[in-house]
Amino acid sequence: MRLILLGPPGAGKGTQAKKLMEAHAIQQLSTGDMLRAAVKAETPIGLKAKDIMVRGDLVPDDVVNQIVAERIGDPDCSNGFILDGFPRTVAQAEALEAILAEKQLELDAVIELQVDEEALASRVEKRRQESGDAVREDDTVEALRHRLKVYRDQTAPLIEHYRGTGKLRSVDGMQDIETVTANIAAILGEARPQLYATG
Ligand code: AMP
């Protein structure tokens, strides 16, 4: 099973990706997590990405494309993966298509989490309060507003891009976590009925 989770920052992509990972024994591939690990380890990519990420801007396409191309080929991805936070530009989506074509792989679905952007700011504020000190540097309401603008300008066009492929499925991401999970499961049941067949 190969999926993309699409939606603005704070929409719950990471939460749903973890649930899908457990349910289907597939890998969550979060470019944000991979970049944060690179920043922490002070690798050349991390040094290049650090300030860009704090600002809430996008890391150059070639950097993330390369990270994903390498990761998708790893043995633990042979059963499938959920891309969380990638692609974020049409150029990244095109790069992904080339990567998958080269490996003769196909996407099963692109799941868009639809959310009310205004409500996201309060979600982020809550997450910040609940997690105490261990907060992400880009997890402030100001940074979120910038990241939402970047999403609207550069990532939202992917919705039409994927609608054109016939793979786009949309879910109301404002519902509680379990309901969103159940809705995604229903969508995947339609995309891959054999996974949910009983008896
Ligand atoms: P995320 O954890 O997905 O919200 O990503 C955190 C930050 O990492 C983003 O604000 C970007 O600066 C960077 N980033 C993550 N994924 C990508 C991507 N696919 N393209 C460009 N930048 C990315």
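How do the residues of the shell around the ligand divide into nonpolar, polar and charged? Six are nonpolar, four are polar and six are charged. The model on screen is predicted, and the stops below go from the ligand outward to one buried asparagine.

**Stop 1: the shell.** Select the ligand and show the 16 residues around it. Those that come nearest are Thr31, Asp57, Gly85, Gln92 and Arg147. Then colour helix α2, residues 31–40. Helix α2 supplies four residues of the shell, the largest share.

**Stop 2: polar atoms at the ligand.** Select aspartate 57 and display its backbone. A polar backbone atom of aspartate 57 lies 2.5 Å from an oxygen atom of the ligand. Move on to valine 59, where a polar backbone atom is 3.1 Å from a ligand nitrogen. For arginine 88, show the side chain instead: an N or O atom there is 3.0 Å from a nitrogen atom of the ligand. Now switch on the surface of the ligand. Taken alone, the ligand exposes 480 Å², and the protein buries 96% of that.

**Stop 3: asparagine 65.** Select helix α4, residues 61–72, and pick out asparagine 65 within it. Is this residue buried or exposed? Asparagine 65 has a relative accessible area of 14%, so it counts as buried, the limit being under 20%. To see what is around asparagine 65, add Phe86, Gln92, Ala95 and Ile99, its contacts once neighbours within four places in sequence are left aside. Gln92 links this stop to the first: it is in contact with asparagine 65 and is also among the residues that come nearest to the ligand.

Methods:
Residues are numbered from 1 along each chain as its sequence is written. This is a predicted model: local features need pLDDT of at least 70, side-chain atom pairs count only at pLDDT 80 or more; totals for chains, interfaces and linings use all residues. Side-chain values use heavy atoms; hydrogens and water are left out. Helices (H or I, at least four residues) and strands (E, at least two) are DSSP runs, numbered from the N terminus. Buried means under 20% relative accessible area, exposed over 50%, partly exposed in between (1.4 Å probe, protein chains only). Contact means heavy atoms within 4.5 Å. A residue is near a molecule or strand if one of its heavy atoms lies within 4 Å of it. A polar contact is a pair of N or O atoms within 3.5 Å; within protein, one must be able to donate a hydrogen and the other to accept it, and residues adjacent in sequence count only if both atoms are side-chain atoms. Accessible areas come from the Shrake-Rupley method with a 1.4 Å probe; for residues, only the protein chains shown count as cover. Ala, Val, Leu, Ile, Met, Phe, Trp, Tyr, Cys and Pro count as nonpolar, Asp, Glu, Lys and Arg as charged, and the others, Gly among them, as polar.
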